[in-house]
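Visitor: I am new to this structure and would be grateful for a close look at a single part of it. Please describe the second largest pocket, and then the parts of the chain around which a reader may place it.

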Amino acid sequence: MTTVSAPTAPLEQRRVLRTPIPGPRSVALGARRAAAVAAGVSSTLPVYVSRAAGAVIEDVDGNVLIDLGSGIAVTSVGASAPEVAAAVAAQAADFTHTCFMISPYEEYVAVCEALARVTPGTHDKRSVLVNSGAEAVENAVKIARRATGRPAVLVLDHAYHGRTNLTMAMTARAMPYKTGFGPFAGEVYRVPASYPLRDPAGMTGEQAALRAIDVAERQVGADQVAALVVEPVLGEGGFVVPAPGFLSTLAQWAADRGIVLVADEVQTGFARTGAMFALEHEGVVPDLVAMAKGIAGGLPLGAVTGRAELLDAVHAGGLGGTFGGNPLACAAALAALEIYERDDLAAAARAIEAMVVPRLTALQTEVPAVADVRGRGAMLALELVLPGTLEPDKAAAQRVAAACAAQGVLVLTCGTWGNVLRLLPPLVIGHDLLDEALTVLEDALRAL
Ligand SMILES: Cc1ncc(COP(=O)(O)O)c(CNCCCC(=O)O)c1O
């Protein structure tokens with residue numbers, strides 16, 4: 001007998017708490033997980049999802065949580081955006097996979113055309129599509145090395161670039177990302193970042209850049225460097241906005257030395273920071289842009305877009321992979337890109353910043369543990385320290401995130417020391433819902 005399930009009511013954009021968090025069904029799933037899923041895969045919330053839409057997540061116990069994480073800056077257009085879901089369903093009905101390297105398809109080409117249009121710069125561009133952010137960063141480095149014939153890669157302190165061998169080498173934080181997984185790829189060199197809260201008082205962005213350049217020139221030699229890879233806002237490293245002039249000074253030095261400037265916009269890209277790409281805030285045009293996360297409304301897609309002469313320096317067959325630019329992900333990306341532009345989600349990100357930053361800055365005067373409120377657009381953060389010091393307080397960040405989760409608000413942490421609370425709401429979040437979530441966060445911070 002076929003059972004026709006009753007149509008489920010649309011998921012309303014409101015917080016609902018029916019059980020303690022996690023509820024009994026999530027707890028039971030946790031027990032199953034322990035017997036089947038590798039212990040190395042961690043989850044922030046011990047809550048199992050049944051549905052998600054817009055800025056809320058419904059768990060298997062019927063609780064509806066406000067999502068200030070967007071699956072780590074992915075569902076910027078909203079979870080299960082209707083246009084994305086419809087595009088994926090239609091594409092799946094046509095074909096789910098052929099491998100672009102075997103039998104190509106228009107959707108891949110259309111995504112590359114769109115990326116050429118929306119990424120910074122008016123120069124002739126080419127793209128390659130892959131499956132993740134780490135794969136995009138790996139390919140950006142491959143392209144830069146092939147185009148320049150040089151081996152060295154410069155990365156910033158506090159950087160995060162992925163979990164593959166090369167991107168682990170590029171990532172700064174040892175635990176949990178690197179410990180025990182070496183040896184790592186060679187020819188990766190780290191230079192100081194601009195971290196205004198922790199840099200010497202009064203250090204300008206230009207001075208911070210000259211500090212980094214000095215290390216690069218002394219320890220590597222500019223003529224050995226293929227690429228300088230920068231996150232315009234440090235992501236996993238703590239949502240650190242560099243001092244004005246830091247990135248533009250580095251970019252000018254790279255251009256003068258024939259070094260490929262790679263913007264890792266995996267977390268900052270696609271309207272997240274209030275511009276389509278975060279380097280736009282710095283007035284800098286990168287040579288290559290590595291992208292993923294928000295590109296396809298939740299479908300796995302990564303991309304490298306940049307100067308045609310760089311990408312086309314790679315010999316035929318030098319770029320690719322079985323699933324790169326999967327048609328479902330491409331259909332999702334075309335739908336998501338239309339939403340970004342149709343609904344001006346960069347402006348939505350700026351409106352979120354305008355609403356959130358004054359509230360959290362005001363709170364800073366009440367809560368001495370909040371050392372810094374920072375970020376751009378809807379990529380915002382609070383750094384927590386032991387009051388009266390700059391000593392990172394990871395435990396405080398964990399307490400606040402746990403208190404928010406218990407109240408049905410999902411807040412993520414990050415930072416080299418794990419002491420940074422980060423806000424990454426979907427850019428489509430309603431301001432009433434965001435206001436409700438902020439109130440929960442403020443109460444948790446006041447209780448520190
Ligand atoms: C700037 C920047 N570059 C690259 C990446 C890597 O992107 P992938 O799609 O996770 O490979 C990221 C992914 N950041 C979240 C990682 C979460 C975790 O794995 O614990 C990023 O932020």
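Guide: In this predicted model, the second largest pocket has a lining of 19 residues. Those nearest its centre are Phe100, Tyr108, Cys112, Ser127 and Val128. Two elements each give two or more residues to this lining, namely the helix α4 (106–118) and the strand β4 (125–130). The space within the second largest pocket comes to about 390 Å³. By class, its lining comprises 11 nonpolar residues, four polar ones and four charged ones.

The strand β4 leads from the pocket to a sheet. This sheet is open and has seven strands, in the order β4-β10-β9-β8-β7-β5-β6, and its pairing is mixed. The strand β4, which contributes to the pocket lining, is one of the two edge strands; the other is β6 (188–191), and each of them pairs on one side only. On average, neighbouring strands in this sheet are turned by 20° against each other, if direction is ignored.

At the edge formed by β6, the neighbouring strand is β5 (residues 152–156), and the two run parallel, joined by four bridges. Within this pairing, Leu154 has Tyr189 of β6 as its bridge partner. The helix α5 (residues 133–148) packs on the sheet and touches β4, β5, β7 (225–230), β8 (260–264), β9 (288–291) and β10 (302–307). The direction of α5 makes about 160° with that of β9.

The loop between α6 (165–170) and β6 holds two local features of the backbone. Pro176 lies in this loop, and the peptide bond that leads to Pro176 from Met175 is cis, with omega near 10°. Glu187 is also in the loop between α6 and β6; although Glu187 is not a glycine, it has a positive phi of about 65°. Another cis peptide bond joins Ile21 and Pro22, with omega of about 0°. Pro22 belongs to the segment before α1 (24–34).

Besides the pocket, there are enclosed spaces to consider. A search of the whole structure finds two cavities of 30 Å³ or more. The largest cavity has a volume of about 50 Å³. Its lining consists of His158, Ala159, Tyr160, Thr171, Ala172, Arg173, Tyr177, Glu236, Gly237 and Thr416. Sorted by class, the residues lining the largest cavity are four nonpolar, four polar and two charged.

The second largest cavity has a volume of about 40 Å³. Leu156, Ala193, Ser194, Glu231, Pro232, Leu234, Val240, Pro242, Phe246 and Leu247 line this second cavity. Here the classes divide into eight nonpolar residues, one polar and one charged.

The wider setting is given by the domains. The protein chain is divided into domain 1, covering 24–80 and 345–447, and domain 2, covering 85–343. The centres of domain 1 and domain 2, taken over C-alpha atoms, are separated by 25 Å. To the contact between them, domain 1 gives 39 residues and domain 2 gives 33 residues.

A further sheet completes the description. This open sheet has four strands in the order β11-β12-β15-β14, and the pairing is antiparallel. Its edge strands are β11 (370–376) and β14 (412–414), each of which pairs on one side only. From one strand to the next, the twist averages 25°. The strand β14 is joined by three bridges to β15 (residues 420–423), and these two strands run antiparallel. In this pairing, Thr413 stands opposite Leu421 in β15.

Two helices accompany the four-stranded sheet. The helix α12 (residues 394–406) packs on the sheet, where it touches β12, β14 and β15, and its direction makes about 40° with that of β15. The helix α11 (residues 345–364) lies across β11, β12 (379–384) and β15, and runs at about 170° to β11.

To return to the part requested, the second largest pocket may be located from Phe100, Tyr108, Cys112, Ser127 and Val128, the lining residues nearest its centre. From there, the strand β4 may be followed to the edge of the seven-stranded sheet.

Notes: Residues are numbered from 1 along each chain as its sequence is written. This is a predicted model: local features need pLDDT of at least 70, side-chain atom pairs count only at pLDDT 80 or more; totals for chains, interfaces and linings use all residues. Side-chain values use heavy atoms; hydrogens and water are left out. On a 1 Å grid over the protein atoms alone, a cavity is a set of points where a 1.4 Å probe fits but cannot get out, and a pocket is an open set with protein on both sides within 12 Å along at least five of seven lines; lining residues have an atom within 4 Å of a point. Grid points are joined across faces, edges and corners, and a volume is the space filled by probe spheres set on the points. Ala, Val, Leu, Ile, Met, Phe, Trp, Tyr, Cys and Pro count as nonpolar, Asp, Glu, Lys and Arg as charged, and the others, Gly among them, as polar. Two strands pair if DSSP finds at least two bridges between them. Axes are lines fitted to C-alpha atoms, for helices over the stretch in contact, and angles run from 0 to 180 degrees between N-to-C directions. Contact means heavy atoms within 4.5 Å. Domain bounds come from an automatic or database domain assignment.
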